[in-house]
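Colleague: I'd love a close look at how the strands pair up in this protein. Could you walk me through the partners strand by strand, and then tell me a little about what lies beyond them?

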Amino acid sequence: MQDVLTFTTPFGIFANRRLVFGLKTAASIFQALVDLLIDELKLSVTTGIYAYQDDTVIGAHSFQEMRNKIRFVLDVLIKYNLTLSPEKCVFFKSASDYLGFNISHNKIQPITSNILKITGFQPPRTVKQVRRFLGLCGFSRSLIPSFPELTECLTQLTRKNVPFQWTPTHQETFKNLQDVFFTKPVFRLPDWDKPFVLNTDVSVQAISGILLQEHEGKLHPISYYSKKNTLTDFLSRFPVNRTEISNTPQDEQELILPIVETHCNTINATSDTSLEISTSTWLKEQADDTQTNEIIQLLKNPSLKDSNNILGFYIDPTTHILMFKSHRKSQAELIVVPKSLQHTALDICHISHTGLDKAYQIVSNRYYWKGVYIDTKNFVLSCDQCIKNKSFTPKHASPQSNRIPTRPGDYISVDIKGPLPN
Ligand SMILES: [Zn+2]
């Protein structure tokens, strides 16, 4: 990471020695470090410790167990040279707020301040306020059964091109949602030694599930899952067969065709390799080319003295195209490409502008000619599109140091680009 954060100044090259916050990836790098610590604790069979960013929570069944776990955590923190701020730490609590939830013995519920924000929310007067309200409620959606169905009416209001009109129905939905939070949705924490019960349901509007567990003869919810049923919505727009595509309006065709096209491309890549150049073109060009024609003539009138030159070549009995059977492991049957079609063949194989390795892999699985690797290499390296797409930022080089110029024209910089197409 340090080399990426290196910067150059007129006085020399400098690098950050610590992770700078504010960087796009800083949070995930920090979380990776935290995960490393947690993994280490798990290796020492100290479970019941969770951490998200700089929030760590330790759970234990007894005072002694908690003491031991805290010791373990502190030891690991010391090992990695990390520090804690005493004012921000609380120890030996029977209930604690963690990531917006209040966790206590066997129970999990939204924290009181969040509940108060929701129950005290005034009826929205703008779309923005509706979004804010839904966002506040959505945070605890895992504690609320059938969340999408409950909020559907309000979500409608936030859609594009829907004018904001607060009707009695909206007011009722709003009130109902607030009531759900008034009653304080509470969950039991999962008991990993007991079996779980999973109930699922699908309707046209939503997909939902409840994870339950039995306690004192009654099933208690552990978590709710609910999602708007986008699949039925998608399938209702998808054509049943391909002939229907031509009947769909222009803008929907654009929506659907890429999916169908991608599918067809994958089929082409693995099945008929001669699809793009017609059989008649192959036959004509192979006959017109001196080299391929020579082989064809030798195959037609075999003589002992030339048998080595035509080793591996054969005429396909159905298409009559000159082929070559590779003696590599794959034993692939390759089309012998005459000079006039080599460029087209490379074009076809390089259609997705993949790198040299991938391009050569595709070419060598379909076609054969002498010097095919060199030709592929030259073709890919001088491909206009690839040069344009290529990022010219050197990947591993660190910045060069600057020397302060003493007079105008002291330095001349040159950027080198290429190889260019012939
Ligand atoms: Zn390219």
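Modeller: Happy to! Two strands are said to pair if DSSP finds at least two bridges between them. Please keep in mind throughout that this is a predicted model. The protein has 15 strands, along with 14 helices.

Let's start with S9 and S10. Strand S9 covers residues 196-202 and strand S10 covers residues 206-215, and the two pair in the antiparallel sense over seven bridges. The link between S9 and S10 is a hairpin of three residues. If you put your finger on valine 202, its bridge partner in S10 is isoleucine 207.

Stay on isoleucine 207, as it leads to the next strand. Opposite isoleucine 207 stands lysine 227, in S11. Strand S11 (residues 218-228) runs antiparallel to S10, and ten bridges join them. The hairpin of S10 and S11 has two residues between the strands, and there glutamate 216 takes a positive phi near 50 degrees.

Now for an open sheet of four strands, with the order S5-S6-S7-S8 and antiparallel pairing. Which strands form its edges? They are S5 (95-98) and S8 (187-188), each of which pairs on one side only.

You can cross this sheet one residue at a time. Begin at alanine 95, whose bridge partner is serine 104 in S6. Four bridges hold S5 and S6 (residues 101-104) in their antiparallel pairing. From serine 104, step to lysine 107, which stands opposite it in S7. S6 and S7 (residues 107-110) are also antiparallel, joined by four bridges. Their hairpin has two residues between the strands, and asparagine 106 takes a positive phi near 65 degrees in it. The last step goes from lysine 107 to arginine 188, its opposite number in S8. S7 and S8 are joined in the antiparallel sense by two bridges.

Beyond these strands, have a look at the largest nonpolar core, which has 22 residues. Ile335, Val336, Val337, Val363, Tyr367 and Tyr368 touch the most other members. Strands contribute here too: S13 (322-325), S14 (333-336) and S15 (367-368) each give two or more residues, as do helices H10 (290-300), H11 (339-349), H12 (356-366) and H13 (372-381). Apart from this core lies another, of seven residues, including Val130, Cys137, Leu157 and Phe174.

Valine 336 is a good place to zoom in. Setting aside neighbours within four places in sequence, its contacts include Leu322, Met323, Phe324, Tyr368 and Trp369. Gln286, Thr292 and Phe313 are also in contact with valine 336.

One helix of the core deserves a turn of the mouse as well. In H11, the buried residues are Leu341, Ala345, Leu346 and Cys349. Looking down the axis of H11, you will find that they fall within an arc of 150 degrees, so they line one face of the helix. What do they pack against? Their partners are helix H9 (279-288), H12, S15 and H13. For the protein as a whole, buried residues make up 11% of the 422 residues.

Definitions and conventions:
Residues numbered from 1 in each chain as written. Predicted model: local features only at pLDDT ≥ 70, side-chain atom pairs only at ≥ 80, totals over all residues. Core = buried A, V, L, I, M, F, W, Y, C linked by C-beta atoms within 7 Å. Buried ≥ 20, exposed ≤ 12 C-beta atoms within 10 Å, placed from the backbone. Contact = placed C-beta atoms within 7 Å. Arc of directions from axis to C-beta.
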